[in-house]
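Here is a friendly note to read with the model open beside you. Take the points one at a time and look for each residue as its name comes up.

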Amino acid sequence: MQFGFRKYHSTDTATCYFLENVKQLLDKGGFVGAVFLDLKRAFDTINHDVLLAKLSYFNFSNSALCWMKSYLHDRKQAVQIENSQSSFLSCSDGVPQGSVLGPLLFSLYVNNLPDVCKKTKIQLYADDTVLYAHAKTKAEAAAVLSGAMVPIFQWLQRSCLHLNTKKTVCMFFSRQPTREEQPSVVVNGERLEVVQQFKYLGVIFDSNLTFKDHVKKISNIVKFNLSNFKQIRSSLTTEAAKVYMHSLIFSHITYCLTTWSQTNESTLKPLKSLFKRTL
């Protein structure tokens, strides 16, 4: 399921959907194994021929395909800093970032990725992709994920997208901490790093879904920005003070709040105290 570049979808809905699915699976007992994929320069490595073939599969008309081919063909780019400009270089791959069509074309390009994942769940936010599976043991979950990564890796190769196995990691979620040995998830002969926490779309998920590290990170940011605010408050107008509070304090507290606020009261207590001080 794609959450990026869609109306009524956001990082908030993506993280909340992922969390609720993992919790629902953990209610059955056992473990949930997850692999967080990292693609190298995904927007810049889109192959134009593969993209046009996919658009043809989606029944784009010949005239639309010709227009799209013209739009992508022979694009050039340069870098300009003040009055200095580099020479122009051709862009043989990728979609124009910052354009209206760029996100839509990328979504169409990766649209069929979930079709190759028959035994796992998968969700995307633009190029941020996570696949996960439930099993009775970590070893069983790792085996399912290793098997699922075979067709995914093949799909990425066919689509001319490159998986960064050094930054692609796996995590095993459980209700309670466990000392069970961490099994390996293998991709193309390489073992993925097993982590205890991972920042997914700006939210730090830990293996027991306590969100302690995420709340601690927010608390530190709010504490630092609140301290700076006290130093300059006397020099700010009321409107400027409101802008500061909303942009540098409230924005951190409210980001993906529906996801991490489900943690226990003791974890939230320091942040609630800072929030009251802010008011």
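Is Phe3 buried or exposed, going by its relative accessibility?

1. **Starting with Phe3.** Phe3 counts as buried, because its relative accessibility is 3% and the cut-off for buried is under 20%. Please keep in mind that this is a predicted model. You will find Phe3 in the segment before helix 1. Leaving out residues up to four places away in sequence, Phe3 touches His9, Ser10, Thr13, Ala14, Tyr17, Gln123, Leu124 and Tyr125. If you would like a distance to check on screen, try Phe3 and Leu55: they are 52 residues apart along the chain, and 20 Å separates their C-alpha atoms.

2. **The whole protein.** Now zoom out. The protein has 279 residues, and 42% of them count as buried. Its secondary structure comes to nine helices and 13 strands. Taken along the principal axes, the C-alpha atoms fill a box of roughly 60 × 60 × 30 Å. Among contacts between residues at least 6 apart in sequence, 71% join residues at least 24 apart.

3. **What the record says.** In an unreviewed UniProt entry, residues 1–205 carry the feature "domain: Reverse transcriptase". In the model, this span is 33% helix and 23% strand, and its end C-alpha atoms lie 20 Å apart.

4. **Thr11 in helix 1.** Helix 1 covers residues 11–26, and Thr11 is found in it. Thr11 counts as buried, at 17% relative accessibility. What does the side chain of Thr11 join through a polar contact of 3.1 Å? The partner is the side chain of Tyr255. Setting aside neighbours within four places in sequence, Thr11 is in contact with Tyr125, Leu201, Tyr255 and Cys256. Tyr125 also appears among the residues that Phe3 touches.

5. **Helix 2 and its surroundings.** Helix 2 spans residues 48–57, and its buried residues are His48, Val50, Leu51, Leu52, Lys54 and Leu55. Here is a useful idea to carry with you: an α-helix has 3.6 residues a turn, so residues three or four places apart point the same way. Which elements cover the buried residues of helix 2? Among them are helix 3 (62–72), strand 5 (89–91), helix 4 (101–109) and helix 5 (138–158).

6. **The two ends of helix 2.** At the N-terminal end, Asn47 acts as a cap, with a side-chain oxygen 2.9 Å from the backbone nitrogen of Asp49. After helix 2 comes Asn59, whose phi is positive, near 65°.

7. **Arg75 in strand 2.** Strand 2 covers residues 75–77 and includes Arg75. Arg75 is partly exposed, with a relative accessible area of 30%. A polar atom of the Arg75 side chain lies 2.9 Å from the backbone oxygen of Tyr71. Not counting residues up to four places away in sequence, Arg75 touches Leu89, Ser90, Cys91 and Pro96. For another distance to try, the C-alpha atoms of Arg75 and Leu65 are separated by 17 Å, with the two residues ten apart along the chain.

8. **The largest pocket.** This pocket has a volume of about 280 Å³. It is lined by 14 residues, and Asp44, Gln77, Cys91, Asp93 and Val95 lie nearest its centre. Strand 2 provides the largest share of the lining, three residues.

9. **The cavity.** How many cavities of 30 Å³ or more are there? The count comes to one. The largest cavity has a volume of about 30 Å³. Residues that line it include Leu39, Phe106, Val110, Trp155 and Leu161. Leu124 is also one of the lining residues, and it is among the residues touched by Phe3.

10. **The cysteines.** A disulfide is a covalent bond between the sulfur atoms of two cysteines. How many disulfides does the structure hold? It holds zero. Take Cys16: the closest cysteine sulfur belongs to Cys256 and is 8.9 Å away, so it is too far for a bond. Cys16 is partly exposed, with a relative accessible area of 22%, whereas Cys66 is exposed, at 56%.

Technical notes. Residues are numbered from 1 along each chain as its sequence is written. This is a predicted model: local features need pLDDT of at least 70, side-chain atom pairs count only at pLDDT 80 or more; totals for chains, interfaces and linings use all residues. Side-chain values use heavy atoms; hydrogens and water are left out. UniProt positions are given in the numbering used here, feature names are shortened, and annotations may be inferred rather than shown by experiment. Helices (H or I, at least four residues) and strands (E, at least two) are DSSP runs, numbered from the N terminus. Buried means under 20% relative accessible area, exposed over 50%, partly exposed in between (1.4 Å probe, protein chains only). Contact means heavy atoms within 4.5 Å. A polar contact is a pair of N or O atoms within 3.5 Å; within protein, one must be able to donate a hydrogen and the other to accept it, and residues adjacent in sequence count only if both atoms are side-chain atoms. A disulfide is a pair of cysteine sulfur atoms within 2.5 Å. On a 1 Å grid over the protein atoms alone, a cavity is a set of points where a 1.4 Å probe fits but cannot get out, and a pocket is an open set with protein on both sides within 12 Å along at least five of seven lines; lining residues have an atom within 4 Å of a point. Grid points are joined across faces, edges and corners, and a volume is the space filled by probe spheres set on the points.
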